[in-house]
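Me: I'm new to this one and would like to know where the labels come from. Can we go through a few of them together?

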Amino acid sequence: MRVLAGVDEDLLDRVPEERPRYTSLGGVVLGTAAVAFVSMLAALVMVFGGGWTLLVAVPIALLWSALVGNFDRWLLASGHGVMTWGKKLAVMFPRLVVASLLGVIIAEPVVLAVFDSAVQEQVKRSRSTANLAYEDALKRCNPAPDAAGVIPAAPAGCRSRALSLAGAPTERLAERARLQRQHDDLAKKVAADRKELVRRQDLARRECNGTGGAGLTGRAGEGPNCARNRAEADAFERDGRLAANTATVAALNDRLTRLNADLGAASTIYAGALSARIQQKVAERRAQQGHIGLLERLEALGVLKERSGMLFASIWLVTIFFIVLDVMPALVKFLSPTTTYDVLVTGRLERRRRTQERAEEAALRRGL
């Protein structure tokens, strides 16, 4: 234990009554090193999980514990000797600051372990919220076709979330648009031709009936004008392909009806495939999350601090406790009064300094 306190056993043999003091001080160093071991082991388990990784985590945690213990030993050893309060403060204050920072590093994994259940629940909630937001973004950036087979345009900034999926009703939509244009153009021509045919037929009927009017003879009967008007009406109907065009419009209507039905089925199938693909992407994201890492735990702990004042106070109390625990060796030495052992250390250092000075003076005289 006293080795951890950084004392010289030869000097301490001259004041054996102070052995319990430095034995206890070494025990404090051992306690901080043990806490450092637990902290590092907890952090490594959080990062890599348990199981076989403990074979690697335990040696690393032991090394970290040894480094922390050696640092605290250095803090104590550098404080041995007779010092005024001002000199002691100048020597120990930077060391206390470093020890405090080290205490924060050690305390964080232990705090995470203490509040592990609350932290894990918060991580699960955060993951669930993130997955829902990811799913909503995929649905927004990959809209399903409507009942007519039209796929709405994706919002801006969706290039990274666009899904490549076969079976989109794009080709059928293009074919339907082409047939619809052909149908509309031909239907307009048929309507115009039918209107003109009706006009010509009415003109021939009025001429043959002897109805008066502009361009009419007003004489009833099968005269030359009556025959001519009828021939012109028949020729217009025949040469204008009104019957053929009407049949073509009807055929186009049938094709459009079948194509719309096919589009509805294709849109339904595509929408189902798109939904399945989105769910697959979300499932892949969930599978990638896996083990709860240290960074997620730290973020969850920060959220919990903001959410609950009582939990915030509890977390900081635990953190401060471990900070004080790590600072304890240096703090105990700083607050301890000067002991006989300190006087002996200062006396030996002073004698060695004087001996070194005399040796240097003698060497200088011999050189002259």
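Reply: Sure, and keep in mind that this is a predicted model. Let's start with serine 39, which touches Ile105, Ile106, Pro109 and Val110, once neighbours within four places in sequence are left aside. Serine 39 itself belongs to helix H3 (residues 19–48).

Me: Why is serine 39 called buried?

Reply: Its relative accessible area is 2%. Buried means under 20%, so serine 39 gets that label.

Me: What makes arginine 127 and glutamate 296 a salt bridge?

Reply: Their closest N and O atoms are 2.7 Å apart. The rule asks for a side-chain nitrogen of Lys or Arg within 4 Å of a carboxyl oxygen of Asp or Glu, so this pair qualifies.

Me: Where in the chain do those two sit?

Reply: In distant parts: arginine 127 is in helix H6 (residues 116–141) and glutamate 296 is in helix H10 (residues 294–307), 169 residues apart.

Me: How do you know whether arginine 127 and glutamate 296 are buried or partly exposed?

Reply: Look at the percentages. Arginine 127 has 13% relative accessibility, which is under the 20% cut-off, so arginine 127 counts as buried. Glutamate 296 has 27%, and partly exposed runs between 20% and 50%, so that is the label for glutamate 296.

Me: What about aspartate 193 and lysine 189, how do you know they form a salt bridge?

Reply: Same kind of check: the closest N and O atoms are 2.9 Å apart, and the limit is 4 Å, so the pair counts. Both residues lie in helix H7 (residues 170–209), four residues apart, or about one turn of the helix.

Me: Why is aspartate 193 called buried and lysine 189 partly exposed?

Reply: Aspartate 193 comes in at 13%, under 20%, so buried it is. Lysine 189 is at 39%, between the two cut-offs of 20% and 50%, so lysine 189 is partly exposed.

Me: And why are glutamate 232 and arginine 228 separated by about one helical turn?

Reply: Because they are four residues apart in helix H8 (residues 224–239). Their side chains also meet in a salt bridge, at 4.0 Å from N to O.

Me: Why do glutamate 232 and arginine 228 count as partly exposed?

Reply: Glutamate 232 has a relative accessible area of 38% and arginine 228 has 42%. Partly exposed lies between 20% and 50%, so the label fits both.

Me: How many salt bridges does the rule give?

Reply: The count comes to 16.

Key:
Residues are numbered from 1 along each chain as its sequence is written. This is a predicted model: local features need pLDDT of at least 70, side-chain atom pairs count only at pLDDT 80 or more; totals for chains, interfaces and linings use all residues. Side-chain values use heavy atoms; hydrogens and water are left out. Buried means under 20% relative accessible area, exposed over 50%, partly exposed in between (1.4 Å probe, protein chains only). Contact means heavy atoms within 4.5 Å.
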